[in-house]
Amino acid sequence: MLAVLGFATLGSFMLLVMRKHLSAFTAIMLTPIAAALIAGKGAKLGDMIMNGLDTVAPTAALLLFAVLYFGLMMECKLFEPVCQAIVRASKGDPVRICVGTAVLALCVALDGDGTTSYMIVCSAFLPIYRRLGMNPLILATLSAMALGTISGTTPWGGAATRGISVLHLSATEYFVHMIAPMALTSLAIMAAAYWLGLRERHKIDAEKLAAYRLDIASGEAFEPVRADWRMWCNAALTVLLMVLLVLEVADLLVLFMVAFVIALLINIRTIGDQQELIKRQAANAVPVMILVLAAGVFTGIMTDSGMIKAMADAALAVVPDSMGNLIPLFTAVLALPLGFFMSNDGYWFGVVPVLAESAAHYGIDANEIARAGAIGQILHMMGPTSAPLWVLLGLVKAELGDFQKHALRWGVPVSLAYIGFAVLTGATTVT
């Protein structure tokens, strides 16, 4: 009963959002609440919601200050020189721009933080996409796939770290076997970027593209940016922030709060101007916060009501005993839909241990289950429970349904290719 109700809840949410019958904010709250009432768990609804909110509240606060910080940096044109260098290198060619987007996204995803990765990629490339009239959903799709592949696989990225800790694994033993499939999937993402670039090249008016290339060659495509002392201070502060993030000197929320206050004092001196900046950036920050909190309601109800565990058990029951050796492969396939809808905490701490315990009965090492589970991170980055996704959608000004219609067309094939690469390289064995 709970499993059927859980799958119906997920399907209803997707239908309501993609058909635009409800906004993501209302659908992500109403569907699990309705399911909990149908399941007869209305008396515990308040506790389940609060448990979910407790889980995401720090993330919501982190995203608030991250959006404020990078919004201020964008207003100060910190990333404009980087953007101009990329434009010159691309020579205005949509194919080079798309491939460059993928390469930059794959590189910055190594820091493991989704919000930071999206901010950097969008700061560099979004003005270029807008100038040429390219579809910003391409930028969003490539960024999400890159983050899911790199940050979702590396032991320091957060997702796989949960699996390593809950299954008591060696990070080295887990990761060494994932390097080859991760590298091959990165190439697949660049191939997808090349194909998307070709499509955009044919869509853009040839005369407009030729004129833009002339503007680039002459330097008229850029507004001159003067590197004064404030820009150098902003650059130093941002680099220091990135270093401290990687070194984990303090909690991410603390680092962004302190960095934003310092940046505010450096760039905007009067109290009135500081208040105006916060008001301007609130248009980007507030929608992100409320959607993250709404996602907490979704995951809290789905997890505490038992629907998630029931769904995992039902899916696992499909595998006959005679095919127990295929559990790693089945885990990789199951990771795609579950990763899309579930929070990382719920998935890695609730579902993966169940799969690992079942696999142990067939002599399958827990490392294989952890590797198989990480493959679903590509689709997780496109799902409603991915907190950084809401930042990405705010940056590119896109609706969740529009993004998912575009992103899943590419995310699903790349994820299936990732499974194939894992099997071919032995990261996920089939014996």
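**Surroundings of Ile369, the nonpolar core and the annotated spans**

In contacts that leave out residues up to four places away in sequence, Ile369 touches Ile327, Pro328, Thr331, Val352, Leu355, Ala356 and Ala359. The model examined here is a predicted one, and within it Ile369 is placed in helix 18, which runs over residues 366-374. With a relative accessibility of 0%, Ile369 counts as buried, because burial is assigned under 20% relative accessible area. Ala359, one of the residues touched by Ile369, is ten residues from Ile369 in sequence, and the two C-alpha atoms are 7.8 Å apart in space.

The largest nonpolar core comprises 140 residues, of which Tyr69, Phe256, Ile301, Met382 and Phe403 touch the most other members. Helix 3, spanning residues 45-75, gives the most to this core, contributing 14 residues. For Ile301, once residues up to four places away in sequence are set aside, the residues touched are Pro32, Ile33, Ala36, Leu45, Met48, Ile49 and Met307.

According to the unreviewed UniProt entry, the annotation "transmembrane region" covers residues 55-72, 137-154, 174-196, 229-247, 253-270, 282-302 and 322-341. Two of these spans were examined for secondary structure and end-to-end distance in the predicted model. Residues 174-196 are 91% helix and 0% strand, with the end C-alpha atoms lying 33 Å apart, while residues 253-270 are 83% helix and 0% strand, with a distance of 25 Å between the end C-alpha atoms.

Note on methods
Residues are numbered from 1 along each chain as its sequence is written. This is a predicted model: local features need pLDDT of at least 70, side-chain atom pairs count only at pLDDT 80 or more; totals for chains, interfaces and linings use all residues. Side-chain values use heavy atoms; hydrogens and water are left out. UniProt positions are given in the numbering used here, feature names are shortened, and annotations may be inferred rather than shown by experiment. Helices (H or I, at least four residues) and strands (E, at least two) are DSSP runs, numbered from the N terminus. A nonpolar core is a set of buried Ala, Val, Leu, Ile, Met, Phe, Trp, Tyr and Cys residues joined through side-chain atoms within 4.5 Å. Buried means under 20% relative accessible area, exposed over 50%, partly exposed in between (1.4 Å probe, protein chains only). Contact means heavy atoms within 4.5 Å.
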